[in-house]
Amino acid sequence: MATLVLPNSAPSPTQDCERLNLALQGRGVEEYVIVWILGHRNAAQRKKIKETYQLLYKESIINRLQSKLSGVLKKAMILWMNEGTERDAIFVHKALKKGKTEVNKLQVLVELACVSSPNHLMGVRQIYCTLFQCSLEEDITSNISTPSLQKLLVGLVSSYRHDKGLVDLNLAKSEAAKLHEAIEMKQLDNDDVVWILSTRNLFQLRATFGCYKKCYKVAIDQAISSNGNSDLDSILQAVILCIESPEKHFAEVMEE
């Protein structure tokens, strides 16, 4: 989708819906037409198409796409038709269901909490309640059996970080010491760790990680790694990498 160029002017939502409805009729679905129309519409235009299709045909276009398409194209079109917060809510929901047995899937929650803007995270939490009839925090608690992981993930998704570049170096040194003590005592789920990682703005946390390395001669993620290999250790390393260098985190994800 990213390679498609949006037209300077698009047909009206009604015209798009009429063409889409024809393309979705009968057995011979016109996939090319569907991809051409939806692939050349921006988020605001796709939202209008969803609303107009519902008004015209008394049916959700997403439900129609689900029933008429298949395979990778179906998944791609449905995700494309959802807004960013909806897409992320769906990704998180799927990750939580898989997270019962595949802890690495929970990195999606870490990415949401540590890379997204505070407003986007709040939007995902709101739409999550609408889509799945429970809060994101409730689903974390019911799907993740490890108390320490529950505590960390709930803390991360529940916070509303200040997103300005304010840094207090004295606070960074103080909290680096608290993190160091928790790592040395193998108490990575204590309240200080969760509080620091889930509430401090990203600039403050990067300063804290910098102080940690300067004071203790080792990067904080390496200190955690050398102290154990539990699920909590793995998720904490993902948290730190997402905060410190999200580009590097996503590059590693792509390689995997």
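The exercises below walk through a predicted model, each with a worked solution.

Residues are numbered from 1 along each chain as its sequence is written, and side-chain values use heavy atoms, with hydrogens and water left out. Because the model is predicted, local features need pLDDT of at least 70 and side-chain atom pairs count only at pLDDT 80 or more, while totals for chains, interfaces and linings use all residues.

**Exercise 1. Describe the overall make-up of the protein.**

Solution. Begin with the secondary structure, where helices (H or I, at least four residues) and strands (E, at least two) are DSSP runs numbered from the N terminus; the protein has 16 helices and 0 strands. Next, take the extent along the principal axes, where the C-alpha atoms fill a box of roughly 65 × 40 × 30 Å. Then turn to burial, in which buried means under 20% relative accessible area, exposed over 50%, and partly exposed in between, for a 1.4 Å probe and protein chains only; of the 256 residues in the protein, 41% are buried. Finally, consider contacts, meaning heavy atoms within 4.5 Å: among those with a separation of 6 or more, 68% join residues 24 or more positions apart.

**Exercise 2. Find the residues and the helix that stand out in the largest nonpolar core.**

Solution. A nonpolar core is a set of buried Ala, Val, Leu, Ile, Met, Phe, Trp, Tyr and Cys residues joined through side-chain atoms within 4.5 Å. The largest such core has 50 residues, and Leu96, Leu106, Leu109 and Ile235 touch the most other members. Helix α15 (residues 231–244) gives the most to this core, with 8 residues. Apart from this core lies another, of 18 residues, among them Ala23, Ile34, Ile61 and Leu69. To look at one member, set aside the neighbours of Ile235 within four places in sequence; Ile235 is then in contact with Val103, Leu106, Val110, Leu149, Leu152 and Leu153.

**Exercise 3. Explain why helix α7 is described as largely enclosed.**

Solution. Count the buried residues of helix α7 (residues 107–115): 7 of the 9 are buried, so this helix is largely enclosed by the rest of the structure. The buried ones are Gln107, Leu109, Val110, Glu111, Leu112, Ala113 and Cys114.

**Exercise 4. Decide whether Cys215 is bonded to another cysteine.**

Solution. A disulfide is taken as a pair of cysteine sulfur atoms within 2.5 Å. The closest cysteine sulfur to that of Cys215 is in Cys211, at 5.8 Å, which is too far for a bond. By this rule the count of disulfides comes to 0. As for surroundings, Cys215 is partly exposed, with a relative accessible area of 45%, whereas Cys17 is buried, with a relative accessible area of 0%.

**Exercise 5. Characterise the lining of the largest cavity.**

Solution. On a 1 Å grid over the protein atoms alone, a cavity is a set of points where a 1.4 Å probe fits but cannot get out, and lining residues have an atom within 4 Å of a point. Grid points are joined across faces, edges and corners, and a volume is the space filled by probe spheres set on the points. The count comes to 1 cavity of 30 Å³ or more, and the largest cavity holds about 50 Å³ of space. Its lining consists of Leu179, Ile183, Leu188, Val193, Leu197, Phe209, Ile220, Ile224 and Ile240. The elements giving two or more residues to this lining are α11 (169–184), α12 (191–199) and α14 (220–227).

Conventions: 1 Å grid on protein atoms, 1.4 Å probe; cavity = no way out; pocket = protein on both sides within 12 Å on 5 of 7 lines; lining within 4 Å.
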